[in-house]
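Here is a walk through the packing, ring pairs and charges of one chain. Have a look at the structure first, then read on.

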Amino acid sequence: PNLLLARDRLRPAWTLQWITEPNSMAPGTAMPSGLFRRENGRWVFNGPLPAIAKNYQGDMADLLVRYLFTMTPQEQQRVLSATPASQ
């Protein structure tokens, strides 16, 4: 699903499970798994982090879901305009 439309079309708990364990919901899905890893009972982004996020002790997957559900239409448009078009 288009996660930029999460607030209007999805539920937070469903979205959290989709981004952390997509294969448990739809085996063989094209949604990449491994975006987050479990570490000390929380989800941590499984890739390079900006310096500001390296000391974040909360659950990063939950933080992403909360952000998706509070994005303003202006923020959504800014993200869409910065995303390369499909070829």
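## Around Ala61

Leaving out residues up to four places away in sequence, Ala61 touches Leu16, Ile19, Thr20, Phe36 and Trp43; contact here means heavy atoms within 4.5 Å. This is a predicted model, where local features need pLDDT of at least 70 and side-chain atom pairs count only at pLDDT 80 or more, while totals for chains, interfaces and linings use all residues. Residues are numbered from 1 along each chain as its sequence is written, and side-chain values use heavy atoms, with hydrogens and water left out.

## The nonpolar core

Ala61 also shows up in the largest nonpolar core, which has 14 residues. Ile19, Phe36, Ala61, Leu68 and Phe69 are the ones with the most contacts inside this core. Helix α2 (12–20), strand β2 (42–45) and helix α4 each bring at least two residues to this core, and α4 gives the largest share, with 4 residues. A nonpolar core is a set of buried Ala, Val, Leu, Ile, Met, Phe, Trp, Tyr and Cys residues joined through side-chain atoms within 4.5 Å. Buried means under 20% relative accessible area, exposed means over 50%, and partly exposed is in between (1.4 Å probe, protein chains only). Helices (H or I, at least four residues) and strands (E, at least two) are DSSP runs, numbered from the N terminus.

The general background is familiar: in soluble globular proteins, nonpolar side chains tend to be buried together.

## Helix α2 and its cover

Which residues of α2 are buried? They are Thr15, Trp18, Ile19 and Thr20. The cover over the buried residues of α2 includes α3 (22–25), β1 (36–39), β2 and α4.

Leu3, in the segment before α1 (6–9), reaches some of these residues too. Not counting neighbours within four places in sequence, Leu3 is in contact with Leu10, Thr15, Trp18, Ile19 and Leu68. With 21% relative accessibility, Leu3 counts as partly exposed. As for Leu49, 46 residues from Leu3 along the chain, the C-alpha atoms of the two are separated by 20 Å.

## Two ring pairs

How many aromatic pairs does a search of the whole structure find? The count is 2. The ring centres of Trp14 and Trp18 are 5.4 Å apart with the planes at 10°, so this pair is stacked. Both sit in helix α2, 4 residues apart, or about one turn of the helix. Trp14 is partly exposed at 27% relative accessible area, whereas Trp18 is buried at 9%.

The rings of Phe36 and Phe45 make an edge-to-face pair, because their planes are at 80° and their centres 5.9 Å apart. Phe36 is buried, at 9% relative accessibility, while Phe45 is partly exposed at 30%. For the cut-offs, rings of Phe, Tyr and Trp (its six-membered ring) pair if their centres lie within 6.5 Å; planes under 30 degrees apart count as stacked, over 60 as edge-to-face and the rest as tilted.

## Salt bridges

The structure holds 3 salt bridges, each a side-chain nitrogen of Lys or Arg within 4 Å of a carboxyl oxygen of Asp or Glu. Arg37, Glu39 and Arg42 are linked in a network of them. In that network, the side chains of Arg37 and Glu39 meet at 3.0 Å, N to O, and Arg42 bridges to Glu39 with the closest N and O atoms 3.7 Å apart. Is Arg42 buried or exposed? Arg42 is buried, with a relative accessible area of 12%. Arg37 is partly exposed at 33%, and Glu39 is partly exposed at 27%.

Over in α4, Asp62 forms a salt bridge with Arg66, the closest N and O atoms being 2.9 Å apart. Asp62 and Arg66 are separated by about one helical turn, because they are 4 residues apart in helix α4. Asp62 is partly exposed at 29% relative accessible area, and so is Arg66 at 44%.

## A patch on the surface

Helix α4 (residues 60–68) also holds Leu64, which is partly exposed with a relative accessible area of 31%. Together, Leu64, Tyr67 and Val79 make a nonpolar surface patch of about 210 Å². Patches are made of residues with over 30% relative accessible area and no salt bridge, with like charges joined within 9 Å and nonpolar side chains (Val, Leu, Ile, Met, Phe, Trp, Tyr) within 5 Å. Accessible areas come from the Shrake-Rupley method with a 1.4 Å probe, and for residues, only the protein chains shown count as cover.
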